[in-house]
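Subject: Handing over a structure, with notes

Dear colleague,

I am passing this structure on to you and would be glad if you could look it over before reading my notes. The notes are meant for someone who has not seen it before.

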2 protein chains.
Amino acid sequence: MLDPRQIQQLHSLLETQRVATDAATLQSHGLDWTRYYTPAPAAVVFPKTTEEVAALVRWATQEKVALVPSGGRTGLSGGAVATQGEVVVSFDRMNAILDFNPVDRTVRCQAGVVTAQLQDFAADQGLYYPVDFASSGSSQIGGNIATNAGGIKVVRYGMTREWVAGLKVVTGTGEVLELNQGLAKNNTGYDFRHLFIGSEGTLGFIVEATMQLTRPPAPLSVMVLAVPALAGIMEVFNAFRQRLDLTAFEFFSEKALRHVLARGQVQRPFEGESDYYVLLEFECVNSTTEETALLLFEECMEAGWLVDGVLSQSEEQARALWRLREDISESITPYRPYKNDIAVRVSAVPPFVEALDAVLAREYPDFEVVWFGHIGDGNLHINVLKPDALALAGFREACERVNAEVFALVRRFGGSMSAEHGVGLLKRDYLDVTRSPEDIALMRGVKAVFDPLGIMNPGKLLA
Amino acid sequence: MLDPRQIQQLHSLLETQRVATDAATLQSHGLDWTRYYTPAPAAVVFPKTTEEVAALVRWATQEKVALVPSGGRTGLSGGAVATQGEVVVSFDRMNAILDFNPVDRTVRCQAGVVTAQLQDFAADQGLYYPVDFASSGSSQIGGNIATNAGGIKVVRYGMTREWVAGLKVVTGTGEVLELNQGLAKNNTGYDFRHLFIGSEGTLGFIVEATMQLTRPPAPLSVMVLAVPALAGIMEVFNAFRQRLDLTAFEFFSEKALRHVLARGQVQRPFEGESDYYVLLEFECVNSTTEETALLLFEECMEAGWLVDGVLSQSEEQARALWRLREDISESITPYRPYKNDIAVRVSAVPPFVEALDAVLAREYPDFEVVWFGHIGDGNLHINVLKPDALALAGFREACERVNAEVFALVRRFGGSMSAEHGVGLLKRDYLDVTRSPEDIALMRGVKAVFDPLGIMNPGKLLA
């Protein structure tokens, strides 16, 4: 915890009203969407400028105080939780769009700009920011970059990494670095921009980003298709992507769908039920695109991979179909799901899913397991729901026991133990599933270069 | 230099015939396309496997011998030259394509696979490897990655960086790392894959790469357009990219064109002469694409930005038009050009080019200056030709004097002192044009983590 002198120092670094030590703020800003930790920060500070962030870091190096960066707090791996008397550095007050360049199609944002704010700004300029996910309304650009956020358009547009043309960061010694300056081409040594993307605040804090925009897509059509067997999903994927430029290829299970329907806000897409569903989206580049899609649908029906399906007839219907997939996460939140976010190479999805299904059926006979994910990228979200009768601690213990088996499979298939959620606190002790001991030792070495005192989000990513 | 015991040790690490110390091999493999250095390696070795590379590095750590990686030796910044008794590690014998996965659309290559070999392999599978440049026939994938090679399709497909799904590297301590394992999504800490891309062999050697392929483009059409004034180039770019998906947007000067025509292999594209030309390429996605292109051409003529132009009527003609641009580098090679490879943000190109033109006209009144470049990415190649009468040393000195002014401009415009050629030996002392002292100090720190003994391509990138 901080002593009164240190609190006083914070007050002199920022204005008093931007240093919070009240219980409500400590609670709200000490936690992210990972509901497994008890927040206990010493203070929450709200800088407005890069200079203030740099001054805070320099103060922290002098006082040996740990800092935790805090964006929209929508993380699912505990990357932005403060449980040990850290000072939380919130970017809520650094939410200005600083500059737009129509020729470069870039936007320079402060780290606290909300994803939807950037998306809307891009749309107002006749352009498009394509990274999108359920938390777009509250997640912040700085957090998206620090966790290399993925989402529902990765199959076409890639991860957040692809859209970062430049970064301004403050290192663990309080130095300010300008990384890549928004350039399209710049081969002048180690690209630290990419090192900071996905570093989860452990090397330094992102204070500003120059984000690349692109042209908006042609009108998008959405199909939801009923797939009776897991094995059929990748067959359908292969068939469609041969002839259409897919902008999304998502899947979810009947169990997931029922949770969404139970909220009474959307309808079942067609009468027939099926164990699995696929949602795919594509650009209608010309008048024959939808015909092609319907032809592909018929071919997949004949092959037995599909049993039913629907094609959106309007933007409104497309939005409604998307909700079947996008509302899953929120609809199961009351069950305190234990989330696995794993990936394998796309080609390995069928055998991996089969093996995983067997493990989960054997290990979780009493738990409800909800599957969904970005299967066009090889990314599966496995959500285990907590039975009401079981206490959180016992439930988490059970899940972590099963993790050993799930992660053994991930390792066997050369996969990732965190596809898009990052590592944070929650997955930290499983890092060696995907990274070798030598690799992890080098990560520690690199962290020590940027954060020699170990004050930047300590304990996250690396123990 | 190596003592006889050390040469004997190399013979026992590899087969004797894969350790060369003859003058011809030392000469050929101690140099790249940068013609400013006198090669003086102690030996050239030709490993066949990752294990052999790792054993060589471990040997080098014990013997404190410096190693220089060597690919197709087409580099233009002296990144792969050996001037100080180093051991050159050539990847010529590691040229196998190891694996192809049609679902993932990935190819696993040894580092010595030649770019054209990968392009042809992709085409044989009905797929496409889009990174392309004049040296594709001899440059190697490992070198492309180590220098993050760019080329003529960056405006559409990005740099080599975008196409690397996984890397196997040997660090400066002889450890073998598997980076990203070919995964589309993998957020498990620092992405060292991106750190190695563009690191010019200074952190370790790339021994294997998993490269991403994509669908081939629709048939490509090429236009060459006559632009009377520099300022018109970006106007034309803006007009065309609003309505066509450009796959290339290149420019060159009349002076450059004359060197190509002087070789007598290709024809002037149309009768009229112009100070500058633009070559653009686009996918003919449907029957109206060419009409759109011709309409845009007319609009640009009316605006006065263009005075003439031609649209390819066949694949053969498209290839011939491309040669007007692609043959420039080779046609001026006899003049020992001093090459600047600089970039600014695309929006900054017009004022930057105007300022640069003034500097060059003032500083190089007696030298011929040939302009060309990938101007759709903000990347200009300025080639100063050596007058016959001037000795190489004196010419280089004159160029380096002017560099101070050119780079002052680059700095003022927030640009890059090396857009795609990398830093190597030639540009090393100008690194601070684009990177701050703090940034460079961190680069040294990161190098020390991966290469604590400083044996991996020492003196390149960092002094």
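Below is what was found, from the whole chain down to single residues.

This is a predicted model, in which local features need pLDDT of at least 70 and side-chain atom pairs count only at pLDDT 80 or more, while totals for chains, interfaces and linings use all residues. Residues are numbered from 1 along each chain as its sequence is written, chains are lettered from A and ligands numbered from 1 in the order in which they are written, and side-chain values use heavy atoms, with hydrogens and water left out.

Chain A as a whole

Chain A holds 15 helices and 16 strands, where helices (H or I, at least four residues) and strands (E, at least two) are DSSP runs numbered from the N terminus. Its radius of gyration is 23 Å, close to the 23 Å that the globule rule gives for 463 residues, so chain A is as compact as a globular protein of that length; the radius is taken over C-alpha atoms, and the rule is 2.2 Å times the number of residues to the power 0.38. Along its principal axes, the C-alpha trace of chain A spans about 75 × 55 × 45 Å.

Of the 463 residues of chain A, 62% count as buried, a term that means under 20% relative accessible area, with exposed meaning over 50% and partly exposed in between (1.4 Å probe, protein chains only). Among the contacts in chain A with a separation of 6 or more, 73% come from residues 24 or more positions apart, a contact being heavy atoms within 4.5 Å.

The two copies

Chain A is superposed on chain B by a rotation of 180 degrees with 0.0 Å of shift along its axis, at an RMSD of 0.0 Å, the fit being by least squares on the C-alpha atoms of residues with pLDDT of at least 70 in both. The two copies are thus related as by a two-fold rotation axis. The same surface serves both copies, since 100% of the contact residues of chain A recur in chain B.

Single residues in chain A

A:R401 lies in helix α14, residues 392-412, and is exposed, with a relative accessible area of 57%. A:R401 and A:Q317 are 84 residues apart in sequence and 42 Å apart in space, C-alpha to C-alpha. A:Q125, in the loop between α4 (115-124) and α5 (141-146), is partly exposed at 34% relative accessible area, and its C-alpha atom is separated by 8.0 Å from that of A:P102, 23 residues away along the chain.

Single residues in chain B

Two residues of chain B that are not glycine have a positive phi: B:Q181, near 50 degrees, and B:N457, about 45 degrees. B:Q181 is found in the loop between β8 (176-179) and α7 (192-196) and counts as partly exposed at 25% relative accessibility, whereas B:N457, in the segment after α15 (437-450), is buried with a relative accessible area of 0%.

B:T292 lies in helix α10, residues 289-302, and counts as buried at 18% relative accessibility. Leaving aside residues up to four places away in sequence, B:T292 touches B:R243 and B:L244, and its C-alpha atom is separated by 9.2 Å from that of B:F240, 52 residues apart along the chain.

With best wishes
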